[in-house]
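User: Could you take a close look at one part of this model for me? I'd like to follow a single turn and the strands around it, and then see how that part sits alongside the rest.

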Amino acid sequence: MILWLNPIAGISGDMMLGALLDLGAPIQTLREAIASTGITGWTLDVESVERQGVRALHAVVDVDDVVSERHAHELITMAERARPREAADLAAAAVRALARIESRIHDTPVESVHLHELGGVDTIVDTVGVASALHALDIDEVWSGPVGLGVGQTRAAHGIIPVPAPATLELLRGSRVRGIDSDTETVTPTGAALLAAANTRYGPVPEMTMDAVGYGAGTRDTPGRPNVLTAVLGTRLRSESRPDAMIVLDTTVDDVTGEILGELIPALLTAGAADAWITPVVGKKNRPAHVISALCTPSTMTVVEECLLTRTGSLGVRRTHVDRRTLPRHMEVVNVDGHDVRVKVGPHRSKPEHDDLVAVSTATGVPLRSVAERVQTLVNDHHTHTHTHPHTH
């Protein structure tokens, strides 16, 4: 399914929650996903409101927790505990995006980053709730119109800061934006982080069969402008593949040690790259060299590019805009001796996640190849018996 957002009045976590609930995401499903993180002392409800004559759903998040500042890794751990796993992955990606930006702004290592106003339980409710709703509605492609940005100032933990907040602007790099007549914060860091984590593409409504329209309300009822986020849910007309606008970043180095090269790929992936690789070449003056490449989305390009430059010491990066064709796929989970193994299922093959196979092999003492064969047999048998889209557990 395709989701198209029209954030003319801005976007926040609760506005996305309200819009997705209005599209039909079951609120109990969202509550169960949030509860699976283990956090307590919160409620998620919804109320129908009007914003300048437009009916919309307002997601009401209340928390008992008075702590608004936590280490980023604490929130990431909470998000990673969510179920289903797809919701956990997207929610954790949003919190990681917040942490990476705060790390850059305050020149602090990611592992030491404190999230101030964003360190509360409500951030987990928003990110996990939105991620769960996207999964419940079977949304695998997110598009957006230009994001409406107001201009002003607000008070934060560090004092008075400009609006849009620095973190919000960093998270919106590569996004389409437009100025609106507002002196208040219209885009929150959480809203911008969710757009980035969902690999949002920007443009007009994509070609699709329109199935539903929803409206998520902001907290304020702003005179002269409906403070709502419009969301359109549609079915892709050609489901066999979809194009993704991507960017390949690469740089050539001939003076980087093997130790640094060995850490580059995981560092680039952590920074948000969709893929990364290193190619040995012969460079100028016939010196052995390496081309380091990273594939990323426009929204993650800036962070990945900075990671590439700072870790290699290179003085430049080449950018190549490419279209990536991806086939439909979904994730299944099979249970082997009490251990879950994720299996990525595409049109032509099924592939178990290698890390999960290693974990099962380590825990059971069964050789890795035997575990892989058993998982493949379970997946094949399941498909043979059901002849339908398999469920996960």
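Analyst: Asp337 is partly exposed, with a relative accessible area of 45%; bear in mind that this is a predicted model. Asp337 lies in the loop between E18 and E19. Although not a glycine, Asp337 has a positive phi of about 50 degrees. The two strands on either side form a hairpin, with two residues between E18 and E19.

Following the hairpin outwards from its turn, E18 and strand E19 (residues 339–345) are paired in the antiparallel sense over seven bridges. Two cross-strand pairs help to fix the register for you: Asn335 has Asp340 of E19 as its bridge partner, and Glu332 stands opposite Val343 in E19.

The hairpin belongs to an open sheet of three strands in the order E18-E19-E20, with antiparallel pairing. Its edges are strand E18 (330–336) and strand E20 (350–352), each of which pairs on one side only. From one strand to the next, the twist averages 30 degrees. There is a helix to add to this picture as well: helix H10 (residues 354–364) lies across E18, E19 and E20 and runs at about 155 degrees to E19. Because an angle over 145 degrees counts as roughly antiparallel, you can read the direction of H10 against E19 in that way.

A second hairpin makes a handy companion to this one. Strand E15 (residues 275–282) and strand E16 (residues 288–296) pair in the antiparallel sense over eight bridges, and His290 in E16 is the bridge partner of Pro280. Five residues separate E15 from E16 in this hairpin. Lys285, in the loop between these strands, has a phi near 60 degrees, a positive value in a residue other than glycine. Lys285 is exposed, with a relative accessible area of 67%, whereas Asp337 is partly exposed.

If you are checking backbone geometry, two further places deserve a look. Asn199, which follows H7, has a positive phi near 50 degrees. Helix H7 (residues 189–197) itself is mostly covered, with nine of its nine residues buried; among them are Pro189, Thr190, Leu194 and Leu195. The other place is a cis peptide bond between Arg83 and Pro84, where omega is about 10 degrees. Pro84 is found in the loop between helix H3 (72–80) and helix H4 (85–106).

For a helix pair to set beside the sheet, try helix H1 (residues 13–22) and helix H5 (residues 121–136), which pack at an angle of about 30 degrees with their axes 9 Å apart. H1 and H5 are therefore roughly parallel to each other, and H1 passes H5 in a left-handed crossing. On the H1 side, the contact is made by Gly13, Asp14, Met16, Leu17 and Leu20, while H5 contributes Val125, Asp126, Gly129, Val130, Ala133 and Leu134. Sorted by class, this contact has seven nonpolar, two polar and two charged residues.

Finally, here is the whole protein as a backdrop. Its secondary structure comes to eleven helices and 20 strands, and 48% of its 393 residues count as buried. Among contacts between residues at least 6 apart in sequence, 70% join residues at least 24 apart.

How values were computed: Residues numbered from 1 in each chain as written. Predicted model: local features only at pLDDT ≥ 70, side-chain atom pairs only at ≥ 80, totals over all residues. Heavy atoms only, no water. Pairing = 2+ DSSP bridges. Helix = DSSP H or I, 4+ residues; strand = E, 2+ residues; numbered from the N terminus. Axes fitted to C-alpha atoms, helices over the stretch in contact; angles between N-to-C directions. Parallel < 35°, antiparallel > 145°, perpendicular 65-115°, else oblique. Left-handed = near helix turned anticlockwise from the far one by under 90°. Contact = heavy atoms within 4.5 Å. Nonpolar A, V, L, I, M, F, W, Y, C, P; charged D, E, K, R; others polar. Buried < 20%, exposed > 50% of the residue type's maximum accessible area, 1.4 Å probe, protein only.
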